Amino acid sequence: MTERINRQWLLARRPVGMVSASDFEFKQEPVPELADGQYLVRNLYISLDPTMRGWMEDRESYMPPVSIGEVMRCSAVGQVIESRNPAFVEGDIVSGLLGMQEYAVAGQGFIHGAPVPDGMPLTWPLGVAGLTGMTAYFGLLELGKPVPGETVLVSGAAGATGSVAAQIAKLEGCRVVGIAGGPEKCSLLTDEFGLDGAIDYKADDVEQRIKELCPDGVNVYFDNVGGSILEAALANLAKGARVVLCGGISGYSEKVPPPGPRNLMNLVMQRSRMEGFIIIDYVARFPEAAAKLAKWVGEGKIVHREDVQEGIENAPETFLRLFRGQNIGKQLLKVGEAT
Ligand SMILES: NC(=O)c1ccc[n+]([C@@H]2O[C@H](COP(=O)([O-])OP(=O)(O)OC[C@H]3O[C@@H](n4cnc5c(N)ncnc54)[C@H](OP(=O)(O)O)[C@@H]3O)[C@@H](O)[C@H]2O)c1
């Protein structure tokens, strides 16, 4: 058998400010022999997620940092092509933290595969029925607790998480306004995702537009971006509002984190609550959420978009698309073909 060569991306250095392709190093090395309990996965789709930016920093968060010289951690879906683990057989489709590479030796450290339900499209476990969809599901329903007739505001609304959160809020009978960058994304929010209003944060006075589009105030704000957009949302809270802190991508590339919102006192005045969460806390309920999301997509109740780039050599550039706002929907990279 010819030797398999693994093309992989390692973390070369810790980024300062905006991440760049030169923060990664390309490496090719033979795939090692499997030990007992291990199985070899050929990656098919790699998921690019903003949280990976945090893993590149030398700081503990909900997961340890990626070490310099280590394969960049990321989620992927792949196919088992060799196994010395009785729970996995050749041909199985699995998802997990398989890394920014073509082959993953799974069954060690953080590298494990969870079976993908039969018949589910290969990309869904990374997006709409995976971590981003489930983040939208639990964040909105468990923390936001939307009530029919309420107004829900979502930032990052054309992205993987935001687009699903906004559409779940519509399914819950709410009026939903989305915030995104640029006219193309804003048209998508109203024309394709069915939202009631859209705000282009790159062109509009965000605080003023929220006031116009949410005249009775915002009951639930699902925040993916933080910064000045969070501040504009806090300025427009209805009494008893719930602010769901999902992410703060506007600050991920800042060398020095900007000071927090200046108007936190609005939470006091409006008797409101602001709460953050990390999706892995809901792991026991993942099957419930994945099944519900897949059903909604199957029934056409949730429209989801994917931005699929190709080729392992393009992994760092594909990751950068998230921070440049180039992706519409879930950012993925296709690196292999299932057999
Ligand atoms: N809490 C959790 O467990 C959890 C889990 C998953 C994701 N998240 C968070 O959810 C958020 C969305 O993640 P995702 O995977 O769904 O990514 P995404 O929304 O599909 O992609 C990122 C989007 O962020 C927007 N963006 C980039 N820079 C920005 C800036 N400076 N200001 C405002 N918007 C900016 C861009 O959209 P525009 O073109 O509209 O700017 C870009 O398309 C992230 O903050 C992520 O960290 C949290």
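Which residues form one aromatic cluster with Tyr137 and Phe138? Tyr282 and Trp296 join them in that cluster. The model is predicted: local features need pLDDT of at least 70, side-chain atom pairs count only at pLDDT 80 or more, and totals for chains, interfaces and linings use all residues. Residues are numbered from 1 along each chain as its sequence is written, and side-chain values use heavy atoms, leaving out hydrogens and water.

**View A. Helix 2, residues 131-144.** Of the 14 residues in this helix, 11 are buried (under 20% relative accessible area, 1.4 Å probe, protein chains only). Among them are Met134, Tyr137, Phe138 and Leu143. Helices are DSSP runs of H or I with at least four residues, strands are runs of E with at least two, and both are numbered from the N terminus.

**View B. The aromatic pair Tyr137 and Phe138.** The whole structure holds 8 aromatic pairs (ring centres of Phe, Tyr or the six-membered ring of Trp within 6.5 Å). Tyr137 and Phe138 form an edge-to-face pair (planes over 60 degrees apart), with 5.0 Å centre to centre and 85 degrees between the planes. Both residues are buried.

**View C. Lys145, after helix 2.** Phi of Lys145 is positive, near 45 degrees, in a residue other than glycine. Lys145 is in the loop between helix 2 and strand 8 (151-155). Lys145 counts as partly exposed (between 20% and 50%) because its relative accessibility is 45%.

**View D. Charges over rings.** A charge sits over a ring if NZ of Lys or CZ of Arg is within 6 Å of the ring centre and within 35 degrees of the ring normal. Arg42 lies over the face of Tyr103, 5.1 Å from the ring centre. The charged end of Arg73 sits over the ring of Trp55, 5.0 Å from its centre.

Technical notes
Phe/Tyr/Trp six-rings, centres within 6.5 Å; stacked < 30°, edge-to-face > 60°.
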